Amino acid sequence: MAGVHLQGLVDAVDAFLEEDADQYGHRRSVELMQRTIARLQARQSQMLAAFVESKEWADDGAFDAAMWLATVCRVPKGKAREQIATARRLNQAPRFAEAWLAGEVNGDHFGVVRRLLKPPTEDHFVRDEEELLRHAKTLRFEDFTRIVDYWRQHADPDGTEERELERQNRREVSLAASYEGMYLGRITLDPISGSIVFREHNRITEEFFQADWAEAKERLGHDPLVDDLRRTPAQRRADALVEMATRSATCPADGRRPAPLFSVFVGYETLHGRICELAEGIVLAPGSLLPWFDQAYVERAVFTPSGRVEVSAAARFFSGATRRAIELRDRRCTYEFCDVPLERCQCDHVVPFSEGGPTTQENGRLLCPFHNRRRNPRPPPAA
């Protein structure tokens, strides 16, 4: 029998669903809905924890609570086990559970935390839960998971190296012709190998996009829309893969093998110690660099208390160490609602150069071309 308040919630939801959804299509409503859903998921997790302890699921002959949930509520078995595992861990992360119930974090945050609640990191988590929660409340989810990766390296350095080796061992590629003659496949690569393939594949895909854009503009006589291009994004990605193989088979004798770029940070305030990651921001165990030292590029970024890397302040354009320092700091377009990666961004002056703004790290930031144009619109052409 549902409790009075739970039944009231059901009735309120029924009434809410009868309303026109268009009236809630604004920012405040979307944010409130997300927070409310997170709070309800937290309460659902509390209810599942109580359900597991009650063993009422056994009355129906279920082997365990997860199987009962999968059968009665038609939840995928993997998802049911994940929900039950989360419910069992609530009391081991009380601050995160409280923040989840308040809608300050969500179930995805707790899913990350749940994986830390096991030997040998569990004791370290008890000590650092408040600090990790602060990051969860203030950072984008992807940045929070990166912080957790850094934290895990210090809490369990031996386990970090083992996990890195396990990630490398999971690499695999399958490609086979179907009965219709189409080739079907899948690819799984470790972070370093994946970075090499990803960067080159993206470079050629962008090359094809620029070619398609130029062709459509010439054909139409004006800037095209994406739908006007002769290839879809998926088709360009497929053609880029073929082009990679073609160029590999015909590469010049003096061609240079692509190599990953490792960023090694010194004095970085987030970790208070050693950080190794790919240029794309993927966290690596330090030991994973060793097999690549004879062919990779390695850069060292020294962060002083002020975070400065000096070059000429009179330069018009950001370049060299200053530009790279801004890239390492910002990671992506700094516009709040944008996540264009650094390799597709431009360095922009916070205080415009024309107004005396210096070309320094403090006065620089990454903006994607769209938001850079939006921030610095070109004057209309003279009549």
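**Exercise 1.** In this predicted model, classify arginine 323 from its 26% relative accessibility, then describe its salt bridge with glutamate 327.

*Solution.*
Step 1. Arginine 323 counts as partly exposed, because 26% relative accessibility lies between the cut-offs of 20% and 50%.
Step 2. Glutamate 327 has 11% relative accessibility and so counts as buried.
Step 3. The closest N and O atoms of this salt bridge are 3.2 Å apart, which satisfies the limit of 4 Å.
Step 4. Arginine 323 and glutamate 327 stand 4 residues apart in helix α12 (residues 320-330), so about one helical turn separates them.

**Exercise 2.** Which of aspartate 128 and arginine 127 is buried, and which is exposed? State how the two residues interact.

*Solution.*
Step 1. Aspartate 128 is buried because its relative accessibility is 17%.
Step 2. Arginine 127 is exposed because its relative accessibility is 58%.
Step 3. A salt bridge joins the two residues, with 2.7 Å between the closest N and O atoms.

**Exercise 3.** Determine which helix gives the most residues to the nonpolar surface patch, and check valine 13 against the accessibility cut-off for patches.

*Solution.*
Step 1. The patch covers about 810 Å², and its members include Leu6, Val13, Phe16, Met33 and Met47.
Step 2. At least two patch residues come from each of α1 (4-17) and α2 (27-54).
Step 3. The top contributor is α1, with 6 residues.
Step 4. Valine 13 lies in helix α1. Its relative accessible area is 35%, so valine 13 is partly exposed and passes the requirement of over 30%.

Definitions and conventions:
Residues are numbered from 1 along each chain as its sequence is written. This is a predicted model: local features need pLDDT of at least 70, side-chain atom pairs count only at pLDDT 80 or more; totals for chains, interfaces and linings use all residues. Side-chain values use heavy atoms; hydrogens and water are left out. Patches are made of residues with over 30% relative accessible area and no salt bridge: like charges are joined within 9 Å, nonpolar side chains (Val, Leu, Ile, Met, Phe, Trp, Tyr) within 5 Å. Accessible areas come from the Shrake-Rupley method with a 1.4 Å probe; for residues, only the protein chains shown count as cover. A salt bridge is a side-chain nitrogen of Lys or Arg within 4 Å of a carboxyl oxygen of Asp or Glu. Buried means under 20% relative accessible area, exposed over 50%, partly exposed in between (1.4 Å probe, protein chains only).
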